[in-house]
Structure formats: structure tokens, C-alpha cells
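Student: I have a model open on my screen and would like to learn how to read it. Could we go through it together?

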Amino acid sequence: MSHTPPSDPSWFERPQNIRRMIIGLVVVCVLLVLADLFYENPHPHFGKVETYFGFQAWFGFIAFVAVVFLGTLLRPLIKKPEGYYDPEPENEFPRLDRPEDNTSGEQA
């Protein structure tokens, strides 16, 4: 069974709409960082460093990069061999739709 893509892409797959979504995301992020100019955290947890402009944005970006980097380092430790999840054992479970495996005499 082969998958055939639809003739017309959905709204989320059209290149001009993908570009609009990326631009919108960048605009929202810039506005949120600029909003930091008008907000002062009354109870900073990290002392004076948390009061610097854009601290939450930089902290989040650095944390995200660290998680991705650590994930790439962790991958070799938890990697499974190819075919681990779908091995094909020989006749472990007979299939009733194949005549050679169907020993009960039933037809598929």
C-alpha cells in the first residue's frame, strides 16, 4: 500500500503560510523580550543576574541548547540496534492469511 499525498497541500503546508508562521513567531518573541523593559520581578530567585534585560529569554535559550546537546551525547548510550522493535522471527506466530502457516484448515 503506497501513500499518495493530497493534490492540494493544507494551510500549514503551503510555503507562504509557513513563512508567515515563522515571521509571526519571531515577532511574538521580540515583543515578549521587549516587554521585559516594563516588568520588574519583585522576587528574583537568582539574585541580581535575574534583573538583567532579557534574562529569561537567554536562560531559556541556553537551557534548550543544553538539552539538545545532552540528548545527542545520550543517544549512543540508549540506541537500539536496527530492527529491534520489529524483528521477524521464523514462524513464531503463524499467520492465518498464508496457506503454509494455516494448519487449522481455515481459509483467510
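Tutor: Happily! Let's begin with aromatic rings: rings of Phe, Tyr and Trp (its six-membered ring) count as a pair if their centres lie within 6.5 Å, and planes over 60 degrees apart make the pair edge-to-face. Keep in mind that this is a predicted model.

Student: How many aromatic pairs does a search of the whole structure find?

Tutor: The search finds three aromatic pairs. One of them joins Trp11 and Phe12, with 5.2 Å from centre to centre and 85° between the planes, so by the cut-off of over 60 degrees the pair is edge-to-face. Trp11 is partly exposed, at a relative accessible area of 42%, while Phe12 is exposed, at 57%.

Another pair is formed by Trp58 and Phe61, again edge-to-face, at 6.4 Å centre to centre and 85° between the planes.

Student: Where do Trp58 and Phe61 sit relative to one another in helix 2?

Tutor: They are three residues apart in helix 2, which means about one helical turn separates them. As for their surroundings, Trp58 counts as exposed at 57% relative accessibility, and Phe61 counts as partly exposed at 48%.

Student: Let me step back. How many helices and strands does the protein chain have?

Tutor: The protein chain has two helices and zero strands. Of its 108 residues, 6% are buried. The chain exposes about 10,500 Å², and carbon and sulfur atoms supply 66% of that area.

Student: Now pockets. What is the general idea?

Tutor: Rolling a probe the size of a water molecule over the atoms shows where empty space is left. In this model, the largest pocket has a volume of about 250 Å³.

Student: Which residues line the largest pocket?

Tutor: The lining is made of Val26, Cys29, Val30, Leu32, Val33, Phe53, Gly54, Ala57, Trp58 and Phe61. Helix 1 (15–35) and helix 2 (55–78) are the elements that give two or more residues to this lining. Helix 1 provides the largest share, with five residues. Trp58 and Phe61, the edge-to-face pair we met earlier, are both among the lining residues.

Student: How do the lining residues divide into nonpolar, polar and charged?

Tutor: Nine are nonpolar, one is polar and none is charged. Gly counts as polar in this scheme, so Gly54 is the polar residue of the lining.

Student: Next, is Asn17 buried or exposed?

Tutor: The cut-off for buried is under 20% relative accessible area, so Asn17, at 3%, is buried. Asn17 lies in helix 1.

Student: What does the side chain of Asn17 reach?

Tutor: It reaches the backbone oxygen of Trp11, at 3.0 Å. The side chain of Asn17 is also joined to that of Arg20 by a polar contact of 2.9 Å. Trp11 thus turns up in two places: in the aromatic pair with Phe12 and in this approach by Asn17.

Student: And where is the place of Asn41?

Tutor: Asn41 is in the loop between helix 1 and helix 2. With a relative accessible area of 21%, Asn41 is partly exposed. To compare sequence with space, look at Asn41 and Thr51: they are ten residues apart in sequence, and their C-alpha atoms are 7.2 Å apart.

Methods: Residues are numbered from 1 along each chain as its sequence is written. This is a predicted model: local features need pLDDT of at least 70, side-chain atom pairs count only at pLDDT 80 or more; totals for chains, interfaces and linings use all residues. Side-chain values use heavy atoms; hydrogens and water are left out. Helices (H or I, at least four residues) and strands (E, at least two) are DSSP runs, numbered from the N terminus. Buried means under 20% relative accessible area, exposed over 50%, partly exposed in between (1.4 Å probe, protein chains only). Accessible areas come from the Shrake-Rupley method with a 1.4 Å probe; for residues, only the protein chains shown count as cover. On a 1 Å grid over the protein atoms alone, a cavity is a set of points where a 1.4 Å probe fits but cannot get out, and a pocket is an open set with protein on both sides within 12 Å along at least five of seven lines; lining residues have an atom within 4 Å of a point. Grid points are joined across faces, edges and corners, and a volume is the space filled by probe spheres set on the points. Rings of Phe, Tyr and Trp (its six-membered ring) pair if their centres lie within 6.5 Å; planes under 30 degrees apart count as stacked, over 60 as edge-to-face and the rest as tilted. A polar contact is a pair of N or O atoms within 3.5 Å; within protein, one must be able to donate a hydrogen and the other to accept it, and residues adjacent in sequence count only if both atoms are side-chain atoms.
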